[in-house]
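Here's a quick briefing on the fold in front of you, written for someone who'd rather be at the bench. Have a look at the structure, then work through the notes below.

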Amino acid sequence: MKVIVVKNLEDAYFQSGNTIINHLRNSQANSIGFATGATMVPVYKFLTESLRKYNLSNIRTFNLDEYIGLSNQHPLSYAYYMYEHLFNQLSFDQSNINLLDGSAGNIEKEAQNYEMKISLGGGIDLQLLGVGRNGHIGFNEPGSKFDSVTRVVNLANITVKTNSKFFHNSNEVPRAAITMGIGTILRAKKLLVVATGKEKAIACKKMINEVPTVLCPASAIQTHSNVTVVLDQSAASLL
Ligand code: GLP
């Protein structure tokens, strides 16, 4: 695992953004897995500025997760987030964008189809990951098995509480989500994890320094052979 600790937030976004850009430019990459969350907003801003003229029409994208019950038109859905922060500004081909539909009638089928779509295209070349305060990746909460696949999950109380800042009131926050599994994530050829801020410090310590355990889903990355982690000094303060 390559851990890069940078001195401030700006450097974290620059480092992460450039890792993605170099991957797109220098490899035969044809697919990328995107994450959402506040951490990724400035990373995507950097990408939209740097890749404006870049042809991305052959790149297939897969998003990590989505809230159950929010349609992709809902302003707080992760689908909406992706269009707002990335897809609307860049040249991805609409038919290559793969998002989980949290409002699908048959949500189990939606999860199975997503796994199939990922496999059929040859897997994900680079998977971008944020980290939850409780060490979740995607919406794989503590207790998720390392070989889990795309499925419906209940959100941990701390996740509902943390994400409620985006909703008008906490009753509106979905209590369930559909997420790629940890096993799905680990099948990506390369992982890029980005975490910033002191509230991520404990999760980052467990993710990097402690024995992997299902109690910290992010610690599963230790079992992957090609991982880059970008942290600012606050997130890295307990390493
Ligand atoms: C969210 C998402 C994750 C994200 C993580 C960190 O709940 N499900 O995909 O990476 O938690 O979010 P943030 O960057 O807002 O701290």
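An open sheet of 7 strands runs through this predicted model, with the strands in the order S1-S10-S9-S6-S2-S3-S5 and parallel pairing. Strand S1 (2-6) and strand S5 (97-98) sit at the edges with a single partner strand each, so one side of each has no neighbour in the sheet. Counting everything up, the protein has 7 helices and 10 strands.

**Strand S9 and its neighbours**

- How many of the 6 residues of strand S9 (residues 190-195) are buried? It's 6 of the 6, so S9 is largely enclosed by the rest of the structure.
- Lys190, Leu192 and Val194 point one way from S9, while Leu191, Val193 and Ala195 point the other way. Both sets are buried, Lys190 included.
- On one pairing, strand S6 (residues 126-129) runs parallel to S9, and 4 bridges join the two.
- Within that pairing, Leu126 stands opposite Lys190, and Leu129 has Val193 as its bridge partner in S9.
- S9 also pairs with strand S10 (residues 227-232), again in parallel, through 5 bridges. Here Leu192 has Thr228 as its bridge partner in S10.

**Val229 in strand S10**

- Val229 belongs to strand S10. With a relative accessible area of 0%, Val229 is buried, since the cut-off for that label is under 20%.
- Which residues does Val229 touch, once those up to four places away in sequence are set aside? The list is Met1, Lys2, Val3, Ile4, Val193, Met207, Ile208 and Ile221.
- Met1 is a nice case of sequence and space telling separate stories: Val229 and Met1 are 228 residues apart in sequence, yet their C-alpha atoms are 7.5 Å apart.

**Helices H1 and H2**

- Helix H2 (residues 40-50) has Met40, Val43, Tyr44, Phe46, Leu47 and Thr48 as its buried residues.
- What do those buried residues pack against? Their partners are helix H1 (9-26), strand S2 (31-34), helix H3 (78-87), S6 and S9.
- As background, an α-helix has 3.6 residues a turn, so residues three or four places apart point the same way.
- Over in helix H1 you'll find Tyr13, which counts as buried because its relative accessibility is 14%.
- Leaving out residues up to four places away in sequence, Tyr13 touches Thr39, Pro42, Val43, Phe46 and Thr196. Val43 and Phe46 are also among the buried residues of H2.
- Tyr13 and Thr39 are 26 residues apart along the chain, and 8.7 Å separates their C-alpha atoms.

**Val160 in helix H5**

- Val160 lies in helix H5 (residues 157-163). Is Val160 buried or exposed? At 8% relative accessibility, Val160 counts as buried.
- Beyond its neighbours within four places in sequence, Val160 is in contact with Leu155, Val173, Pro174 and Arg175.
- For a sense of where that sits relative to the sheet, take Leu129, the S6 residue that bridges to Val193. Val160 and Leu129 are 31 residues apart in sequence and 19 Å apart from C-alpha to C-alpha.

**The whole protein**

- A compact globule of 239 residues would have a radius of gyration near 18 Å, and the 16 Å found for the protein agrees with that.
- Along its principal axes, the C-alpha trace spans about 45 × 40 × 35 Å.
- What share of the 239 residues counts as buried? The figure is 54%.
- If you look at contacts between residues at least 6 apart in sequence, 80% of them join residues at least 24 apart. The Val229 to Met1 contact is one of these long-range cases, at 228 residues apart in sequence.
- The protein exposes about 10900 Å², and 50% of that comes from carbon and sulfur atoms.
- On the charge side, there are 22 positive and 18 negative side chains, with the centres of the two sets 4 Å apart.

Notes:
Residues numbered from 1 in each chain as written. Predicted model: local features only at pLDDT ≥ 70, side-chain atom pairs only at ≥ 80, totals over all residues. Heavy atoms only, no water. Rg over C-alpha atoms; globule rule 2.2 N^0.38 Å. Buried < 20%, exposed > 50% of the residue type's maximum accessible area, 1.4 Å probe, protein only. Contact = heavy atoms within 4.5 Å. Areas by Shrake-Rupley, 256 points an atom, 1.4 Å probe, with all protein chains shown as cover. Lys, Arg positive; Asp, Glu negative; His and termini not counted. Charge placed at Lys NZ, Arg CZ, Asp CG, Glu CD. Pairing = 2+ DSSP bridges.
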